[in-house]
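Opening a fresh page for this one. I want to jot down what I look up as I go.

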Amino acid sequence: MEQVDQKKSLSQQLHDKASKISIGYDIEAHDKHYALLFLGPSLLILSVFVFYPMIKTVWMSFFLTNSLGKPTVFVGLQNYIDLFTSSAYLNSMKATFIYVLFVSILTIVLGLLLAQTASSKLKGIGFFRTAFSSTMGVSVSVAAIFWLFIFNPSVGLVNKIAEFLHLPVVNWLTQPGWAMFAIIVSTVWMNLGFTFLILFGALQSVPVTLYEAARIAGVSKRYQFFNITIPMISPTLFFAAIITLIDAFKSFGLIDMMTAGGPNNTTNLLVYRIYQDAFLNGNYALASTESVVLAIIIAVFTLIQFKFLEKKVTY
Amino acid sequence: MTIELKNIGKSYDGNSWTLNGITTEIESGEFFAIVGPSGCGKSTLLRMIAGLISISEGKIEIDGKDVTNLPPQDRNLTMVFQNYALFPFLSVRDNVAFGLKEHKMDAEEIKRRVDEALDMVNLTEYGDRKPRDLSGGQRQRVAVARAIASDAEICLMDEPLSNLDAQLRGKMRSEIRMLQQKLGLTMIYVTHDQVEAMTMADRIMVLHDSKIQQIGTPLEIYNHPANTFVAEFFGTPRMNLLEATYDARLNKLVVDESLEFDCEDGMDRDDYIVGVRPSGFSVEKAADRSNARVVNAEYLGNMSIVELELDGGDEIRVTVDDEMNHDWMINQRMLVKPQGIFYIFDKTGKLFAKGGSSNGTSRSEEEFVATAAR
């Protein structure tokens, strides 16, 4: 009997110990110190470079600021009201949405197309795999200069081809509408390398036997693509979609170098407007307000994507 | 449905053959196993029969019709894969029904087939689950159910049990065999596991070095292995292969001076290989003489596997089933004698003759003493 009791108490002890550990009580003081020690560096860096600017930005959006960026008068939500009644800002937002929509869709579709092509077992496909992913190694400034040349109205490749085909020549970067087109094309080209690479990786990881089973069942190539490939790579597609979308909202470099928001503000996207308001116009309060709005927009879109797509991509 | 393979060959680079000269006929309703070590081309052969990869040479006929250049779906066959090839995003039902909808089959018929197939593999109540919610064995059954639902008369299986644990494998072996019999399927079953082939198949094709080594019933393969490869591949533990010299004066095959085998007629060369199954030896502790030393002993319960080193240097594996097994001592001296059947292969490994008798020791005690004394 005694032995049994002893056993019981031992197991009870173990149980108690386990539950304490799992709940997180009973961690001794010096454990906490260790935890802080390990977390310290990243907490410090995050605080200085992320948390503080974030909070400061939100705070400043409720004030008016002087030319040095010092808050002067508390105005509550007035900055937000001004923003949403400004037609220039609303135009910027509209342009941004158009830009984001086209960039996201084109990047994903073209990336998938390239990835599918690179997955074929043709001779010399290795060259194309490298070529397709090569834009990953190109910096924004180089890409911008490259595309400035291509879209150059007099010596650019696009207009040379247009001339050759007897099509009208366009001032790509200075004509409203076409400037947006040029920016979208350049951005998609920039994004393509990364998107191609992760989608290619995803395609490679689909087991070959799934396609073999499909071939034996006698389903068409089209059916295989939409009913096997797409669902199998959907988690990666989802990831790529979110990354591309967020990236597109944050586009700055190409716009700054290629159009500087012009012509006539048609490519003045949200981030570029923030930059202009803060550092060219010196209106820090307004720039802060725009930053907060942009952050909220990106958060909302990300949440929507998660809500609608997440269910379909987990299997 | 009969399947005829006529001199099938596969070469990827045009120089070397992955498979060469594969010719056989698989009867309707037969369970035909293709066995061989990894890399022998057995999966390649199966995929060529399925039409998933092209054939470099030869012809495949199904029921007399040349299907060599037909796509997989026109060959009236189905296939079960090693990794089951289930679609993780589809429910069990949809997995089983995969492909049927594409063929414009009406919903009633699909439902009937899926219900029937799931019932046959005892998964009726799992229809709405996703593959990830199933155990390995259940996933395997879904794959089998899909094969059943396709209604094809030929079923190809590519190592379907190798991802399962030993116990489940044994159970699925008999289940698959029973289903095959019940449905009258013509089954081509690829495996590297000789036990699966032996226990399930009507006939076995042994592949090695891109070529057929032997085709036969399990009994033929085991009792009359065509060569040393087949002899070693079938049976656990492996058959012992010992180099032996023909002694014309004694008319014996000598492995080393204390271990000899009777000769068969027509021996003329000097060198042979003697094959002895682990059960083909008698081992005993003899007070006055010995010819081997125990190197290792594995006690398995119903028997023991004892490794011995013959005085001539050869190592042999012997199964012994007497009560004394568990106290086989390492380095203990033993007396090893042939007992029963052995095989004589020529130097190239081809079976030359089967020797010995199945009833008891083939050599008398006196003979042994005589040779040992020499």
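What share of the 374 residues in chain B is buried? I get 50%. Note to self: this is a predicted model, so everything here is computed.

**Chain B, overall**

I looked up the secondary structure of chain B and found 9 helices and 21 strands. For the dimensions, I took the box around the C-alpha atoms along the principal axes, and it comes to roughly 85 × 45 × 35 Å.

**Cavities**

Next I went looking for enclosed space. With a floor of 30 Å³, the count is 2 cavities.

The largest cavity holds about 50 Å³. I wrote down its lining: B:Val144, B:Ala147, B:Ile148, B:Cys155, B:Met157, B:Ile176, B:Leu179 and B:Leu185. Sorted by class, that lining is 8 nonpolar residues, with no polar and no charged ones. Helix 4 (136-149), strand 7 (154-158) and helix 5 (166-183) of chain B each put in at least two residues. Helix 4 gives the most to this lining, with 3 residues.

The second largest cavity comes to about 30 Å³. In chain B, helix 4 and helix 5 are the elements that give two or more residues to its lining. I list B:Val121, B:Arg141, B:Val144, B:Met172, B:Glu175 and B:Leu179 around it. Helix 5 of chain B is the top contributor here, with 3 residues. The class split is 4 nonpolar, no polar and 2 charged. I also spotted B:Val144 and B:Leu179 in the lining of the largest cavity and again in the lining of the second largest.

**Salt bridges**

I searched all chains and got 23 salt bridges. I followed up a few of them.

B:Arg113 pairs with B:Glu109, and their closest N and O atoms are 3.2 Å apart. How many residues apart are B:Arg113 and B:Glu109 in helix 3? They are 4 apart in helix 3 (residues 107-120) of chain B, so about one helical turn separates them. Is B:Arg113 buried or exposed? Its relative accessibility is 14%, so B:Arg113 counts as buried. B:Glu109 is partly exposed, at 23%.

The side chains of B:Glu116 and B:Arg112 also meet in a salt bridge, at 2.9 Å from N to O. I find both in helix 3 of chain B, again 4 residues apart. B:Glu116 has a relative accessible area of 40% and is partly exposed. B:Arg112 is at 40% too and counts as partly exposed.

I then checked B:Glu309, which bridges to B:Arg293 with the closest N and O atoms 3.5 Å apart. This pair links distant parts of the chain, 16 residues apart: B:Glu309 sits in strand 17 (residues 304-310) and B:Arg293 in strand 16 (residues 292-299) of chain B. B:Glu309 is partly exposed at 26%, and B:Arg293 is partly exposed at 27%.

Following shared partners, I can join B:Glu109, B:Arg112, B:Arg113, B:Glu116 and B:Asp151 into one network.

**Chain A surface**

Last lookup: a nonpolar surface patch of about 1200 Å². Its members include A:Leu36, A:Leu39, A:Ile45, A:Val48, A:Phe49, A:Phe51, A:Met54 and A:Ile55. I picked A:Val48 for a closer look and found it in helix 2 (residues 29-60) of chain A. Why can A:Val48 be part of a patch, given its accessible area? Patch residues need over 30% relative accessible area, and A:Val48 is partly exposed at 45%, so it clears that cut-off.

Notes: Residues numbered from 1 in each chain as written. Chains lettered and ligands numbered in written order. Predicted model: local features only at pLDDT ≥ 70, side-chain atom pairs only at ≥ 80, totals over all residues. Heavy atoms only, no water. Patch = residues over 30% accessible without salt bridge, like charges linked within 9 Å, V, L, I, M, F, W, Y side chains within 5 Å. Areas by Shrake-Rupley, 256 points an atom, 1.4 Å probe, with all protein chains shown as cover. Salt bridge = Lys/Arg side-chain N within 4 Å of Asp/Glu carboxyl O. Buried < 20%, exposed > 50% of the residue type's maximum accessible area, 1.4 Å probe, protein only. 1 Å grid on protein atoms, 1.4 Å probe; cavity = no way out; pocket = protein on both sides within 12 Å on 5 of 7 lines; lining within 4 Å. Points joined across faces, edges and corners; volume = space filled by probe spheres on them. Nonpolar A, V, L, I, M, F, W, Y, C, P; charged D, E, K, R; others polar.
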